[in-house]
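Reader: Please show me the sequence and the structure. I would like to go through the charged pairs and the packing.

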Amino acid sequence: MSIRRSDLLLLAVAVVWGSSYLAAQTLVLVGGVLAVLALRFGVSAIALAPAMAGRRLSRPEVRVGALLGLTQAAVLVLETYGVALTSATNAGVLISLTILLTPALEGAVRRRWLPRRFFVAAAVAVAGVVLLVAGPGLRAPTAGDALMLAAAVVRAAHVTLSGRLTEGRRYDTVTLTWLQMVVGAVLFTIVAAPTLPSAVRAFGPAHWVGVLYLALGCSVFAFLVQLWAIRRTSAARASLLLGTEPVWAVLIGVGIAGEHLTAVAVAGIALVLAGTYYGQRVEAGHRALTPV
């Protein structure tokens, strides 16, 4: 598999995640955050279960899968509640810091730093996100901002751990992804138990289509591709490409919800794409010169 193919797949994940905002908001309003997460992870685990036929679980895989499942679940909880307690602008800017936090954390763990040019490119991409979501303007810090910042840190840790814990190991990507889903399904089902039955009764056919999209597209497909790509490229590169998610969210909002692009938003999109393009070129050249 080529690096170019992994890049395209990571961009596809960013598109899928960006397109999930409208569905997720609708579902949360009807069923609540924890119930939606429980259904998302539960359906994901069930959908991927047939692929586990014939695969044997090793203890190291269970440990790694469980740890990644905990960090993945933590990211989603922090993000979901954070968005509910702060403005969309603050949330978008804070979560985009993952683009900078991931290469910094990966460099600290590996004790091998990417060139400054990569961090400049990542900073340009973050600046693009600021312009992209800065329509209403930044608001005074709230508890939601603290949750979003924590989500950015945990997401950076999750992506870095995904690469570090699987490096040089013959772990099966499908198995690790399924284990993450099982961990999330168990945790969220336990904490959502009091509200889960009422949420299930409240969902109509359109809501269940949304649940399937979150489960199959935003979880099964996205988590598989993310882990597969990180094991073949780097956490920093994956984070940079996944950082284009706000761009696709805005463009999909324009196409589906009839929103309008401003000149500032267009400039933001241009900066995100330019920073991402240049950053992935810098990362590829650096990795070619300093192979693992």
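Reader: How many salt bridges does the structure hold?

Author: A salt bridge here is a side-chain nitrogen of Lys or Arg within 4 Å of a carboxyl oxygen of Asp or Glu. This is a predicted model: local features need pLDDT of at least 70, side-chain atom pairs count only at pLDDT 80 or more, and totals for chains, interfaces and linings use all residues. Residues are numbered from 1 along each chain as its sequence is written, and side-chain values use heavy atoms, with hydrogens and water left out. On that basis, the number of salt bridges is seven.

Reader: Which residue forms a salt bridge with Arg237?

Author: The closest N and O atoms of this pair are 2.6 Å apart. Arg237 sits in helix α12 (residues 235-242) and its partner in helix α1 (residues 3-18), 230 residues apart; helices are DSSP runs (H or I, at least four residues), numbered from the N terminus. Both residues are buried (under 20% relative accessible area; exposed is over 50%, partly exposed in between; 1.4 Å probe, protein chains only). The partner is Asp7.

Reader: Which residues make up the salt-bridge network that includes Glu167?

Author: Arg110 and Glu167 pair at 2.8 Å, N to O. Arg110 lies in helix α6 (residues 98-110) and Glu167 in the loop between α8 (143-166) and α9 (173-192), so the pair ties together parts 57 residues apart in sequence. Glu167 also bridges to Arg164 at 3.4 Å. Shared partners join these into one network: Glu106, Arg110, Arg164 and Glu167.

Reader: Is Arg164 buried or partly exposed?

Author: Its relative accessibility is 39%. That value makes Arg164 partly exposed.

Reader: Which helix supplies the largest share of the largest nonpolar core?

Author: A nonpolar core is a set of buried Ala, Val, Leu, Ile, Met, Phe, Trp, Tyr and Cys residues joined through side-chain atoms within 4.5 Å. The largest has 42 residues, and Leu10, Trp17, Phe41 and Met181 have the most contacts inside it. Among the helices that each supply at least two residues are α1, α3 (33-48) and α4 (59-85). The largest share, 10 residues, comes from α11.

Reader: Which residues does Phe41 contact, leaving aside its neighbours within four places in sequence?

Author: Contact means heavy atoms within 4.5 Å. Phe41 touches Gln72, Leu76, Gln180, Met181, Gly184, Ala185, Phe188 and Phe223.
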